[in-house]
Structure formats: structure tokens, C-alpha cells
Amino acid sequence: MYVASDWYWFIGGDTGNVWSSARAMLLPVSDSTYTAWAAVDGNFTQTVASMDELKATMAISFPAGTLWTYAADRRFRKASGGVIITSLSPAAFYSDPVSRNTVNSAYNYAVDNPAAVTQWKMSDGTFITVDKTKLGIVVNTMAGFVQSCFTCESNMVAGIDNGSITTLAQIDAAFNAISNVFP
Amino acid sequence: MGSIPPAASIEFPQREIVAAIAAAGLIPTNTDLAQLLKALKLIDICNKFKAGVNQGTATQWSVAITPLPVTPLLAGSAIWVKPVYPSQTGGTVLSVNGGLFYPVVLADLSPITLGDILPNGWVLCLFDGAHWQVIAGCVGRVPGQLPALHANANWYVNGATGNDTTYDGTSPNVMSATIGPFKTVQRGVDETAKYNMNGYDQNVFVADGSYVGGIFLRQTNGAGRCHLIGNQGSSQSVNISATGNLMAIFQAAGSWDVRGFRLSAPGPGALGWGLVLNGGDCQVANLAFGPCSAYHFGGTYNSQVSVAGGKFIIEAGANALSHMFAANGATIIYSSAALATLEIHGNVSFVNAFAETRLGAIIQMTYSSISAKSAVHGKMYSSNENSVIATLGGGPNAYPGDLPGEQTFGGQYIP
């Protein structure tokens with residue numbers, strides 16, 4: 001039965017090598033793990049026209065299947081994982097895409113309505129009171145944090161392409177090094 | 001003093017008794033005065049005078065027993081017969097001692113048929129004046145029930161040489177006035193419904209040629225599978241084409257295989273499917289498709305089509321609403337044991353999409369290779385109403401088409 005996390009692909013007509021989603025790498029068809037897998041009844045080597053098609057497949061079904069899609073997935077999870085601004089609250093601000101958009105909308109509203117205050121719900125369920133000044137801190141801090149995540153992904157893609165990044169662990173280390181705690 | 005008995009009065013009865021003893025296979029002797037009783041036992045218990053082995057054929061039993069004083073046989077006569085052959089379709093007749101042939105039937109006067117009689121099982125037959133009724137020895141069919149198969153059954157169809165009424169479908173070639181292929185595919189399919197498959201399969205082999213569509217695959221009876229088989233090496237040599245508002249093949253229920261056919265249903269009419277299931281399951285392989293006013297193949301209402309490998313062909317101009325379509329909980333699934341290939345022989349347009357699902361249906365399908373993808377016009381896929389199209393890792397362009405796919409109302413496409 002097809003299992004995206006442990007499957008193999010011929011890419012672009014190259015039948016001398018196969019891509020392994022489990023190991024996120026290109027392997028020769030003589031690879032013993034592959035040959036053993038191919039001998040199992042029910043397993044078949046899928047074909048895609050290009051690496052881009054495989055990336056599109058892995059992005060949805062199993063991001064760890066390629067280094068590029070794993071980096072993109074780690075970036076998404078990191079950026080969406082919350083931001084702590086210690087001067088405002090010990091709890092984290094939600095930083096998923098919807099929440100980021102909500103922060104921006106709230107700040108724009110506050111710009112037009114300087115006297116307005118908002119009860120902002122934190123990730124621990126508590127509420128804090130924020131005004132235009134505090135919302136400005138949240139918007140800028142969050143934007144900077146998210147941008148650092150994209151910068152990290154960009155560096156990972158460059159490293160994958162030049163061969164300096166070859167493992168999921170390297171990608172994990174890079175993103176783990178990004179702090180989400182700000183003063 | 002009484003009268004002097006004539007010698008004949010003593011001797012004639014003795015001759016009768018000696019004859020009976022000898023007929024029973026005993027050697028008359030004065031030292032054993034119980035031989036008459038022994039003879040009666042042999043005649044009664046050992047059925048000495050009423051058992052015989054068929055010296056004829058599978059459909060014409062000829063049995064020789066002891067010569068009878070009355071011919072023709074009287075109604076009520078009962079004999080044991082060893083058939084030697086398994087019972088066949090088309091009826092069987094029995095002749096005793098060279099007399100007239102009478103049909104061999106069950107108690108409901110239905111002729112014995114395939115699966116009723118085993119070759120080495122003795123059968124007790126009673127003559128009712130017009131038939132030999134099987135009193136005992138029928139394998140298991142209760143009169144009125146379907147006969148059970150005891151081996152796979154093969155039926156043959158040949159549109160050029162066959163006949164649906166005079167031939168019994170048991171031979172691909174004409175062998176006699178009654179033995180030969182059927183003429184139409186439907187006749188071959190209909191024959192399968194007459195048997196309880198009893199764990200065996202039935203094959204309907206269809207010779208090369210063109211046949212009228214609108215074929216209805218019936219509910220199969222008993223455990224087993226029916227196979228409708230054309231030319232798996234050259235599917236376009238066995239053409240089933242429907243006209244008007246008909247499908248080439250329609251399956252309502254049961255377990256079938258359809259392999260080695262060209263299917264087309266160009267209409268006019270909205271029901272022009274190549275192959276459609278409204279129930280049951282069907283394994284398909286080596287199919288070619290011509291134009292269809294509806295879909296090339298698929299199903300509705302929880303039916304299941306399994307694509308069991310081989311070569312699929314979409315002819316140039318084989319336009320349709322979709323190549324694969326599943327709706328209302330139906331599934332189209334691949335066979336991991338043997339992925340099919342798809343050859344596209346020229347420009348073809350799909351009004352809806354190459355693959356289309358609706359209302360909770362599933363297409364889990366990939367071809368191992370697709371030639372001439374650029375010849376396909378239309379959306380790659382259309383997944384709608386909480387249905388799923390899963391390409392088994394085939395990617396965003398797993399299916400051919402020059403328009404992007406679509407997902408509506410919760411439909412999903414998994415690349």
C-alpha cells in the first residue's frame with residue numbers, strides 16, 4: 001500500500017536512480033534497501049516528471065521527504081509557533097498566518113483610532129490590554145521574527161542546492177537557533 | 001387312491017427354481033436346499049439385474065441390463081446407472097437394452113445439467129413412462145434450485161459462427177448441431193446466471209469481432225467470480241459498441257472481470273458509458289476506449305472498479321465527459337500487483353476532466369506510464385463534494401490535461 005513517508009520515485013525518466021522519501025535523498029537503484037523494498041508485493045516505484053513535481057507531492061503528503069520541503073515546513077511551523085514579548089506578557093502571542101493578519105489589522109485600526117484599546121487573547125488563554133503603542137511593538141517584533149524564519153529557509157535552500165546542507169538534522173538545528181523570545 | 005401326478009407337475013416348478021438360482025449366479029446343487037433364498041437375496045440386495053454402466057456418451061447414456069420379458073420398459077422400472085461422464089448442459093437421454101432414449105430429469109422434470117451428476121456416482125433412475133427421473137445420486141441440487149458447479153465452467157461466444165438458441169456455448173467451434181459457441185455476448189453472460197458457482201469461476205470467452213453493446217452483467221450466484229474475456233493481447237480486436245442511450249457494458253451487481261475489449265458508446269444520449277458499475281465489483285484490464293457520450297469507465301453507488309494491470313488505450317477522438325468517473329461512494333482503485341499503462345493514440349477531449357469524482361467517491365489510481373499526455377485536452381482532474389482523488393505520489397501532473405485540476409466543495413486531490 002502506498003505510504004508517502006517510505007516510497008520511491010523515478011524522476012524525469014532517470015531509471016538509474018530513485019528518490020527515497022524516507023531518507024530524503026537520491027539513491028542508485030542498486031541500493032539494497034530499495035531493492036528489498038521493491039521486491040515486496042504491492043510496492044511499485046512511482047514516476048514524476050521533475051523534482052519540482054516531487055516537491056509538490058512531498059509538500060502535501062510528507063514534507064520530510066525532501067530537504068527543500070522539510071525546510072519549508074520547518075519555516076512554516078517555526079513562524080507559526082508563537083512569539084513571546086516579555087515586556088508585554090510572559091505568554092506567547094499566536095503567530096499563525098491568521099493571527100499575524102489580525103495583529104496587522106488591529107494595529108491599522110489603532111492608527112486610525114489612537115484612543116482605542118484592545119483586549120488581546122494570549123496563547124495561555126489570558127487577556128492583555130494593548131493600545132497603539134503596544135500593538136506597534138507586537139507588529140514589528142512579529143514581522144521581524146517571521147522574516148528571520150524565511151531568511152533561515154532561504155539559507156537552507158541555498159545550502160541544499162550547494163550541497164552543504166544534506167540532513168534533516170542540519171535544518172532542525174538552524175531553525176532551533178532562532179529565538180522566539182523578545183524583550 | 002388319489003390321482004397320479006404327472007411328471008411335469010413336479011419337474012416344471014423345479015426347472016423354474018433352478019433357473020432362478022442359476023440366473024442369480026449360483027450353481028444349482030442338491031446339497032444346498034437354501035439356494036432359492038440366496039438367489040432372492042442376491043437379486044434384491046445386490047441389484048444383480050438392475051445396475052449398469054453407461055456405454056454411451058455424456059449426453060446419451062446407454063445401459064445394458066439383463067434381458068427383460070417385457071419391452072418397452074414399464075413405468076415404474078428402476079435401475080442403477082453409473083454415468084461415467086459428468087452431466088452436461090443441453091439435456092441427457094437414457095436408453096436401456098437398446099430401447100428408446102428418454103430424457104433424464106429431476107423430480108421437477110427439469111433436465112439434468114452441468115453440476116448435477118458426477119461421473120462415478122451411481123444414479124438411481126425410475127422410468128415414469130416418458131422420462132427417467134433421478135431418484136438418488138444427484139450431487140446436491142434440490143429440484144428448483146440452481147445446479148452447483150464442481151469445476152470452473154467455460155462458455156464461448158463467436159459473433160460469426162455462433163448461435164444463441166441452437167448451440168450450448170460449450171465450445172469455441174461448431175462441433176455438432178447443438179455444440180458450439182453462442183452468438184452474442186449477452187447470451188454468454190446470461191448462461192452464467194444459471195449456476196451456483198459453488199466456489200468455482202465461470203469464463204465467458206469472446207472471439208474477435210464486433211458486438212452490440214448494452215450488455216448487462218448480472219448478479220453472480222454463489223461464491224466465485226465470472227470473467228468476461230476478449231482479446232487481452234489486442235483489445236481493439238473485440239469491439240463492443242453501444243448506440244442510442246446505452247452503455248457498452250453495465251454491471252448492476254456481482255463479481256466480474258472485464259478484460260480485453262474495445263468499448264465505445266457514442267450515443268446519442270447521456271448514458272453512453274464504456275463500462276459502468278452501479279453495484280458489485282469489477283476487475284478491468286487491457287481495455288481500449290472509443291468515443292463515449294458519458295464516461296469511459298467507472299461506477300456509482302459503492303461499486304468498486306479495480307484496474308488490474310495491462311494496457312489501456314484511449315483512441316484518437318475518444319472524447320468523453322471523463323476517462324475515469326466515480327460518484328456516490330464508488331471507488332476506482334489500482335492494483336499494486338500490476339500497474340496498468342495508458343496509451344493515448346491522438347487528440348482527445350474530456351468535457352469535465354480526465355479523472356472526476358463526486359459525492360464521497362474515491363479514485364486511488366495511477367498508471368505506470370502515460371504516453372502522449374499532451375494530446376489530452378481538458379482539466380487534469382475534478383474532485384468534488386468530499387470525494388478524493390489520490391494519485392499515489394504521482395504528483396500534481398499525474399493525470400494528463402491542458403487545464404489545471406479543480407477541487408470544489410471539499411473535494412481533495414492528493415498528488
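Begin by selecting strand E5 of chain A, residues 83-85: two bridges join E5(A) to E6(A), and the two strands run antiparallel. The model on display is a predicted one. Within this pair, Val83(A) stands opposite Phe93(A), a residue of E6(A).

Next, widen the selection to the whole sheet. It is an open sheet of three strands in chain A, ordered E6-E5-E9, and its pairing is mixed. Strand E6 (92-93) and strand E9 (181-182) of chain A form the edges, each pairing on one side only.

Now add helix H5 of chain A, residues 132-162. H5(A) packs on the sheet and touches E5, E6 and E9 of chain A. Viewed against E5(A), the direction of the helix makes an angle of about 135°.

From the helix, proceed to the nonpolar interior. The largest nonpolar core has 116 residues, and the members that touch the most others are Leu228(B), Phe354(B) and Tyr399(B). H5(A) gives the most to this core, with 10 residues.

Select Tyr399(B) and display its surroundings. Leaving aside residues up to four places away in sequence, Tyr399(B) touches a set that includes Met324(B), Phe354(B), Ala355(B), Ile363(B) and Met365(B). Also among its contacts are Met380(B), Tyr381(B), Ile389(B), Ala390(B), Thr391(B) and Tyr413(B). Apart from the core of Tyr399(B) lies another, of 16 residues; Val63(B), Ile65(B), Cys125(B) and Val134(B) are among them.

Then show chain B in full. Chain B contains three helices and 31 strands. Its radius of gyration is 32 Å, well over the 22 Å that the globule rule gives for 415 residues, so chain B is more spread out than a compact globule. Along the principal axes, its C-alpha atoms fill a box of roughly 125 × 35 × 30 Å. Buried residues account for 46% of the 415 in the chain. Of the contacts in chain B with a separation of 6 or more, 71% are between residues 24 or more positions apart. With a surface representation switched on, chain B presents an accessible area of about 17800 Å², 58% of it belonging to carbon and sulfur atoms.

Finally, return to chain A as a whole, which has six helices and nine strands. Here the radius of gyration is 22 Å, well over the 16 Å given by the globule rule for 183 residues, so chain A is more spread out than a compact globule. The C-alpha atoms of chain A occupy a box of roughly 70 × 30 × 25 Å along the principal axes. Among its 183 residues, 42% count as buried. Chain A exposes about 9000 Å², with carbon and sulfur atoms supplying 57%.

Note on methods. Residues are numbered from 1 along each chain as its sequence is written. Chains are lettered from A and ligands numbered from 1 in the order in which they are written. This is a predicted model: local features need pLDDT of at least 70, side-chain atom pairs count only at pLDDT 80 or more; totals for chains, interfaces and linings use all residues. Side-chain values use heavy atoms; hydrogens and water are left out. Two strands pair if DSSP finds at least two bridges between them. Helices (H or I, at least four residues) and strands (E, at least two) are DSSP runs, numbered from the N terminus. Contact means heavy atoms within 4.5 Å. Axes are lines fitted to C-alpha atoms, for helices over the stretch in contact, and angles run from 0 to 180 degrees between N-to-C directions. A nonpolar core is a set of buried Ala, Val, Leu, Ile, Met, Phe, Trp, Tyr and Cys residues joined through side-chain atoms within 4.5 Å. Buried means under 20% relative accessible area, exposed over 50%, partly exposed in between (1.4 Å probe, protein chains only). The radius of gyration is taken over C-alpha atoms; the globule rule is 2.2 Å times the number of residues to the power 0.38. Accessible areas come from the Shrake-Rupley method with a 1.4 Å probe; for residues, only the protein chains shown count as cover.
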